[in-house]
Amino acid sequence: MSAAPSIAENGREVTFDVVVVGAGFAGLYMLHRLRGLGFSARVYEQGSDVGGTWYWNRYPGARCDVESMQYSYSFSEELQQDWDWSERYAPQPEILKYAQHVADRFGLRPDIVFDTRVERAEFDEGRGIWEVATSDGGTARAQFVVLATGCLSNARMPDITGLGEFAGQVYHTGHWPHEGVDFTGQRVGVIGTGSSAIQSVPVIAAQASHLFVFQRTSNFSIPARNSLLTEEERKAFRNNYPEIRRFAREDSRNGIYAEPPERGALEDGENARRAKYDQRWANGGLTFMLAYNNLLLDKAANDTAADFVREKIAEIVGDPETAKRLQPDNHPIGTKRICVDTDYYATFNRPDVTLVDIRSNGIEEILPNAVRAGGEDYQIDALVLATGFDAMTGSVAKIDIRGRGGKALNQKWAEGPKTYLGLMSEGFPNLFIVTGPGSPSVLSNMIVSIEQHVDWIAGCLSFMRRRALASIEASHEAEEQWVAHVNEVAQMTLYPQANSWYMGANIPGKPRIFMPYIGGVGVYRRICNDVAAKGYEGFTMRANQVEQVAATS
Ligand code: N01
């Protein structure tokens, strides 16, 4: 990792047009756009380098489940033509290198303060500015704040009795040691079977003397079919980038260029359907769920895909009891984020890997040298928590954000996040969120959604500057309508049937609300563009704190 030169504010007070929180993919592009428009900006990043989720998630086997030629910025033609992705799915170190390259190539580092958390942001109504308090004791003042805090960056420690008493090392997949971990010769326990576990289990199994995987909920996973990219494959993408990027932005539901399904699963006979699933399975990856257009709308259609994957698990896993435990049966396929793996199910054929089913009673206790579950003690030397994140709202909630009248955002969101378009929340003027709850966000190729939000925010700030507008805020009515719409669209799908992190269901006490907007990336973009074209309809813009200005485009 390259050393990250950083600016020390050393407790001073500094003033900018915009403060950006986070130097992941959203923060980097936001900074680039702001600088291009001549705004002064400062980015605060708690890590020691850029990369966000790819800076922290260094667990063995970590890689993106969106193909690398698509999980990349499109804003610079030179960048997308120059950068060579080595594999179909980029491994974490390569994605981190890419983020570092972008920071260097566009000269972004001088405006980023590393190793510094934003702890509090308070809107001064009198002066119409945000006061941002940072962990180094400094204060930054800015007219605007952009939260580029990421959706899956707040690693969640589970509340398991005895966890603090464990004598060996405890690792969280979302907060992995930078120097790496060698499990050779160790007995290892992995708790959790989401994407992070599904990617890391085969790699840890290859090192450990014995691996115990503690599974509360079995998950659907599709083989990645990862491979090295050839120059011809890269060239094919590069030559077609204009259409690939256009499709991802405008026509896709999830920000991924793929052949769209044109029929429902029950319109095909059994043989044709199986052939289609076989072909998608052989091709690998997330687009398995694009085999038909109604898999997330119609339970009977969904069952056909779920049955297919359950059969595949039974074919791969030798021991019928283990296969049965690995077959998901409590949620429709795709309603929890589908996983993409390399040899996950086959790993359970190894004699040195044990699947421990904890569905009924959970983990009873962690002892200094064992995990107790189902009345049995599983002796381990190291423990891996692949227990996920306080998703979408967790990183925002860690900052004490105070809007008009000193109201806390955490208080406003106590019953679930409320935003207009996922971009702003009423009562918090001039505070933008990138890929916030209420936008397609985690249901999409994140970089496509990040670029869309950043461009929209940049356009909005330019609009305000041209008209000498001082503040923008979501109106109560627009926000209420948007929240109702997000909810209504979610209810039309099968998604709410799963206890997923999309619903906040993985965090005890978190309100059960479907957080991302499921209307589709293309549809959502048109809505946002339309709002902007109508002079930021649904937002209140003011020339100063008292005088309201009718915004016209
Ligand atoms: O987290 P998860 P993740 N006792 O929340 C279990 C993205 N991602 O880090 O389902 C026992 O999915 C929990 O069980 P249950 C991707 O979007 C992307 O794996 O709550 N078990 C579950 O099995 C993904 O969806 C990539 O019953 C406990 C697991 O821990 C998201 O990040 C790679 C427990 C958590 O699964 C999150 O994935 C990795 C307890 N007390 C991640 N608490 C890419 O490829 C939790 N669990 C881009």
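The following conversation goes through a predicted model, beginning with the ligand and its surroundings.

Visitor: How many residues surround the ligand, and how do they divide by class?

Guide: The closest residues to the ligand are Arg63, Thr193, Ser196, Thr217 and Lys336, and in this predicted model they belong to a shell of 25 residues. By class, that shell is made up of 10 nonpolar, 9 polar and 6 charged residues.

Visitor: Which side-chain atom lies 2.9 Å from an oxygen atom of the ligand, and how much of the ligand's area does the protein cover?

Guide: Two backbones approach ligand oxygen atoms, since a backbone N or O atom of Asp65 lies 3.2 Å from one, and a polar backbone atom of Ala386 is likewise 3.2 Å from an oxygen atom of the ligand. The side-chain contact at 2.9 Å is made by an N or O atom of Arg216. Of the 910 Å² of accessible area that the ligand has on its own, the protein covers 89%.

Visitor: Which element gives the largest share of the shell around the ligand, and at which residue does that helix bend?

Guide: The largest share, 3 residues, comes from α5, a helix that spans residues 195-207. Several of its residues are buried, among them Ser196, Gln199, Val201 and Pro202. The helix bends by about 35°, with the proline Pro202 following within four residues, and the bend is at Val201.

Visitor: Is Thr387 buried or exposed, and which side chain does it join in a polar contact?

Guide: Thr387 sits in the loop between β16 (382-385) and α11 (394-397), and because its relative accessible area is 15%, under the 20% limit, it counts as buried. Apart from neighbours within four places in sequence, Thr387 is in contact with Arg156, Pro158, His172 and Ile191. A polar atom of the Thr387 side chain lies 3.0 Å from the backbone oxygen of Arg156, while the polar contact between side chains, at 3.3 Å, joins Thr387 to His172.

Visitor: Where is Asn430, and what is its phi?

Guide: Asn430 is found in the loop between α12 (409-412) and β18 (431-433), and with a relative accessible area of 0% Asn430 is buried. Although Asn430 is not a glycine, its phi is positive, at about 60°.

Visitor: What is the phi of Ser441, and is this residue buried or exposed?

Guide: Ser441 has its place in the loop between β18 and α13 (446-466). Its phi is near 45°, a positive value in a residue other than glycine. At 0% relative accessibility, Ser441 counts as buried.

Conventions: Residues numbered from 1 in each chain as written. Predicted model: local features only at pLDDT ≥ 70, side-chain atom pairs only at ≥ 80, totals over all residues. Heavy atoms only, no water. Bend = angle between axes of the 7 residues up to and from the residue. Helix = DSSP H or I, 4+ residues; strand = E, 2+ residues; numbered from the N terminus. Buried < 20%, exposed > 50% of the residue type's maximum accessible area, 1.4 Å probe, protein only. Near = heavy atom within 4 Å. Polar contact = N/O pair within 3.5 Å; in protein donor to acceptor, adjacent residues only side chain to side chain. Areas by Shrake-Rupley, 256 points an atom, 1.4 Å probe, with all protein chains shown as cover. Nonpolar A, V, L, I, M, F, W, Y, C, P; charged D, E, K, R; others polar. Contact = heavy atoms within 4.5 Å.
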